[in-house]
Amino acid sequence: MIRITKIFTFETAHVLYNYDGKCKNMHGHSYKLFVTVKGKPVNDLENPKNGMVVDFGDIKSIVKPEIVDVWDHAVLINGLSPHRQLGESLESQGHKVIYCNFQPTCENMLYAIAAKIKSKLPEGISLAYLKLHETENSYGEWLAEDNQ
Ligand SMILES: Nc1nc2c(c(=O)[nH]1)N=C([C@H](O)[C@H](O)COP(=O)(O)OP(=O)(O)OP(=O)(O)O)CN2
């Protein structure tokens, strides 16, 4: 088995409802996402993907439309909280708002990313690991073995 990783970046704002620190204010991050999948490399001269677990481009074609294009330059709002009204106000002024059914922390974003990616991976390939940097010094990790 081999693990391979592709890295993505996106610029996203969020606001943490009822949080007791500075992140209760709407603010943005340059998120950096590491997506690691595992599988056995193809061993078939006739296969154009010979030697690959999965083409890096195929990982991109899953993660980009599912995560990056959706969250990039958007504001993530806890749609289950009173912040929904804030989102509706921003939306009415033309802003890109994503209503989450969770508090948009690094941790919950990882759960959401894992759920979206896992369901799209080709047969024989599994999601092994995710790392999401909120700042250069703060990140969360999702590991398959912790989430079975
Ligand atoms: N467990 C979590 N704690 C915090 C989260 C989170 O998602 N999970 N999020 C925040 C804020 O969004 C904040 O922007 C990031 O927190 P922090 O690292 O404290 O921010 P700094 O600007 O101080 O980061 P540095 O890299 O140290 O400059 C708060 N907590």
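This briefing covers the overall fold, the ligand shell and one loop residue of the protein. The model is predicted. The protein has 3 helices and 6 strands, and a ligand is bounded by residues that include Cys 23, His 27 and Cys 106.

**Overall fold**
- Read from the N terminus, the order of elements is β-β-α-β-α-β-α-β-β.
- Along the principal axes, the C-alpha atoms occupy a box of roughly 55 × 30 × 25 Å.
- Of the 148 residues in the protein, 22% are buried.
- Among contacts with a separation of 6 or more, 56% join residues 24 or more positions apart.

**Ligand shell**
- The residues around the ligand are Gly 21, Cys 23, His 27, Thr 105, Cys 106, Glu 107, Glu 134, Thr 135, Glu 136, Asn 137 and Ser 138.
- By class, the shell holds 2 nonpolar, 6 polar and 3 charged residues.
- At least two shell residues come from helix H3 (106–118), and at least two from strand S5 (126–135).

**Glu 123**
- The loop between H3 and S5 contains Glu 123; these two elements also contribute to the shell around the ligand.
- Glu 123 counts as exposed because 6 other C-beta atoms lie within 10 Å, and the cut-off for exposed is 12 or fewer.
- Ile 98 is 25 residues from Glu 123 along the chain, and the C-alpha atoms of the two are 30 Å apart.

Methods: Residues numbered from 1 in each chain as written. Predicted model: local features only at pLDDT ≥ 70, side-chain atom pairs only at ≥ 80, totals over all residues. Near = placed C-beta within 6 Å. Helix = DSSP H or I, 4+ residues; strand = E, 2+ residues; numbered from the N terminus. Nonpolar A, V, L, I, M, F, W, Y, C, P; charged D, E, K, R; others polar. Buried ≥ 20, exposed ≤ 12 C-beta atoms within 10 Å, placed from the backbone. Contact = placed C-beta atoms within 7 Å.
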